[in-house]
Amino acid sequence: MHPPSDKRPDPNALLALAGREGRGRLTVFLGAAPGVGKTYAMLSRARREKDAGVDMVVGIVETHGRSETAALTEGLEILPRRQIDYRGRELDEFDIDAALARRPKLIIVDELAHTNAPDSRHPKRYQDVEELIGAGIDVWTALNIQHLESLVDVVSRITGVTVRESVPDSVIKKADEVIVVDITPAELIQRLEAGKVYLPENAKRAADGFFKPGNLTALRELALRRTTDRVDDQMIAYLRQNAIEGPWETADRLLVCIGPDALSEKVVRTASRLADGLNAHWLVVTVERPGQDAADATAMARLDETFRLAERLGAETQRVSGHDYVGEILRLARRENATQIVLGRGESGWWQRLTGRSLPDALLRESSDIGICVITDGDSDAAPQHRKGRRWEMPPLVSTIGSAVTSVAAAVALGRGLEYFTPLPNLSMLFLMAVLVCALTVGRLSAIAAAVLSFLAYNFFFITPVYTFTVAEPYELFALVIFLIVAVTTGDLAGRVRDRAEGAGRRATNLQALYEFSRKLSGITSIDDVVWAGVAHAQATLHGQVVIAIPVEEELTVSAAWPPDTVLDSTDMTALRWAFEKRENAGKGTETLPNLRFQFRPIMAPHGPVGVFGFEQPRDAPPLSPTEERVLGAILDQTAIAIDRAQLARENARTVALEESEKLRGALLSSISHDLRTPLSSITGAVTSLREFGRKMSPESRDDLLASIEEEAARLSRFVSNLLDMTRIEAGALNAKRDWVDVPDVVRAAVERARKAFPERAIEVSVAPELPPVRGDSTLLGQVLFNLIDNAHKYGGEDTPTTIYARREEGEVVVTVTDQGKGIPPADLERIFDKFYRRGKVDGRAAGTGLGLSISRGFVEAMGGTITAESPAVRKRGTRIVIRLPVKA
């Protein structure tokens, strides 16, 4: 029998896949340069989708005067552009509100790197695209490779042209599909010369500058390489989502060191390209000295801007506090399992090169198992230098004794040399200096060893008789003993100071790490994100396998683990449940199942356990140190608070949804109870009267009762029709026709219908002559006008007429319905279009269901128009409802 497979999909991959549910798909048509045919290919494919029955519209397309591209837009639905007045000029921009209102299955939004006009909702078009995708709309767009953020400086050096508009690399990484539109440089230059790329007056200038064969070849290579990386990412994601076994070797990890200098921006961009090429995780870090907050404000602002650039390019960022730059960088690199350290080398003087005090040289000497990539400050990119230096590590005891012997020997040599020039009354200070040097550089043991050696050397070389260990005078022996006591005490105190300084440095590092962890948790609202952040930080601290389990539908489930393929057996799960239920530690090192490889600890929140944390300890590993215990305790406390907060946020969202549901149900019941009971009561009373007294009634009385039945039945029919219309709008099943509509005919038909329904009310109509037809649905438009007239009669007063105007304003046909009632407060002008919103009984009649205006807005927007309310309308009274429908040329 074959053993059961324990392979399971990667949790991160499944979370990423689940995060795409409900979102639209992004397809990017990527090209090496303008004119390769991105927009043409996109529109050609869009026409095939249109012929296949896909609901698609063109949000915005830039043809740049190319007739072949413009011809492909014929027959496609094109959204009107939004007009923006900017410094006396009319700018045409993509109308994201119209796109969201239209809500097609697929929309084309060209020029992804475009910068929107001021006062737009988003400064960049790619942010408009992200909002459309978040709303569940598929988007097709086009982009040139030169606009990727990480390649801006590379393209500038290749072509000599400064790229002013850029798109974060994360947009391409998150794209569901990247389609490369590619032609050879020779073909592109032919297209340019034929006037198919730019107008003739611009084509020659482009051929002499940007469109050179070498430039185009380099850009083509960049586009193909970036697409290859994207395909590789998609393949790996598929393997992880489906638990397909592969060569899961440890991936490259880059640690990128930056500072407040100008070279750091180049270092970050180069590291981004290196990370993309290696498909590696990368962390950008800076080492700050304690108290550096008061440094040059300009330099710190430059550093913050570099950090923001790194985050846009997809890196993690971290700030580390410490005095020893080399030590802090190497410690962080080993903690993060970095395989390469990337940093820049600026111009250094001869003294730095001679003494080796520059940071790259120091790292090259100290790193024994980590590659170093040095970025130079030259104008041309030199190949990054990769080196791995190795050195012989002295045993700690040898290092301690050797430092003491070296320091004492140096003191003896210095003392003997000074005696040739001038007699010194007391050379013991030199040996005290040697003791202090050992204490501050190596530690307490080296200082004590130096004190003993200094005692012997001072006696042998400087106390008469010299070159012997005998002492001629008693006071000399007394002085030597005092010297030994002082030297040992001084060395011990200096060593303690050094040890405490190192301890303070480690505590500062732990505090900085906890601060970064708490800052990361502060912006997380999802429980899954919280547990993954906790696992990642705990694993970086403990350097072993870690898991976090939280209750899912009252069953403890491992929600995050590192490495992701960590599996707990049945005994481990028993200890895990024990820790949760008993609120006690279980597993290795405890009294409950101590032979396990994992130790489990409950994650305690104020109201009880919210999960269980488990970490693996090697068989012979010592217990956690007090410092590690404190750090782990702080991590679990922060994780517990974040999980509790996320659960409260989820419960709050559920409570808000229930409250809104209760409000909606209450409004619906209120409307139904009144608007169904009233007409039914009238019909029932009239039918009862006809049955009991019909034969005795006069013809006039019978006719009145029959008219009452007819009127109330019509009222009931309108109410049911409104409910059905609102159901169609909310379900997305409303498909408005796109026929030519004669607005005057629709207005006259709606007015005739209203006069029959409300014969006692006055209606005034004014329609401008020769109104152009609009694209829409005459039935829906007629229903909208009837609803507005009905609403105006309810709130306009009995003695005032309802006025209807229809006219043309620029590219729109405008229809207004005005009453002369009390009007609407400014705060309620938008609320009147909400479902079930009513302003009470103004003229003694029932205010209605509160659906008429909401249905009207849904119908008008389905036809591509807008509907708004204005108040006051006439002589500081009344309300005007304005419908605007675009005129289709």
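1. Residues 841-847 have pLDDT under 50 throughout, and the model gives this stretch 15 contacts beyond four places in sequence. The structure is a predicted model. Where pLDDT is low, the coordinates should not be read in detail.

2. A further stretch with pLDDT under 50 covers residues 379-394, with 27 contacts beyond four places in sequence. Strand β13, at residues 385-387, has the lowest mean pLDDT among the elements of the protein, 40. At the other end, strand β5 (residues 106-109) has the highest, 93.

3. For the protein as a whole, the mean pLDDT is 75. A pLDDT of 70 or more is reached by 73% of the residues.

4. On the surface there is a nonpolar patch of about 410 Å², made by Ile401, Val405, Ile448, Val452, Leu453 and Leu456. Two helices, α16 (396-419) and α18 (444-462), each supply at least two of its residues. The largest share is that of α18, with 4 residues.

5. Val452 lies in helix α18 and belongs to the nonpolar patch. Its relative accessibility is 40%, so Val452 counts as partly exposed; that class runs between the 20% limit for buried and the 50% limit for exposed.

6. The whole structure contains 3 aromatic pairs. In one of them, Phe598 and Phe600 have ring centres 5.9 Å apart and planes at 20°, and the pair is therefore stacked. The cut-off for stacked is planes under 30 degrees apart.

7. How buried or exposed are the two partners, Phe598 and Phe600? Phe598 has 0% relative accessibility and so counts as buried. Phe600 is buried too, with a relative accessible area of 0%.

Notes. Residues numbered from 1 in each chain as written. Predicted model: local features only at pLDDT ≥ 70, side-chain atom pairs only at ≥ 80, totals over all residues. Heavy atoms only, no water. pLDDT = per-residue confidence, 0-100. Contact = heavy atoms within 4.5 Å. Patch = residues over 30% accessible without salt bridge, like charges linked within 9 Å, V, L, I, M, F, W, Y side chains within 5 Å. Areas by Shrake-Rupley, 256 points an atom, 1.4 Å probe, with all protein chains shown as cover. Salt bridge = Lys/Arg side-chain N within 4 Å of Asp/Glu carboxyl O. Buried < 20%, exposed > 50% of the residue type's maximum accessible area, 1.4 Å probe, protein only. Phe/Tyr/Trp six-rings, centres within 6.5 Å; stacked < 30°, edge-to-face > 60°.
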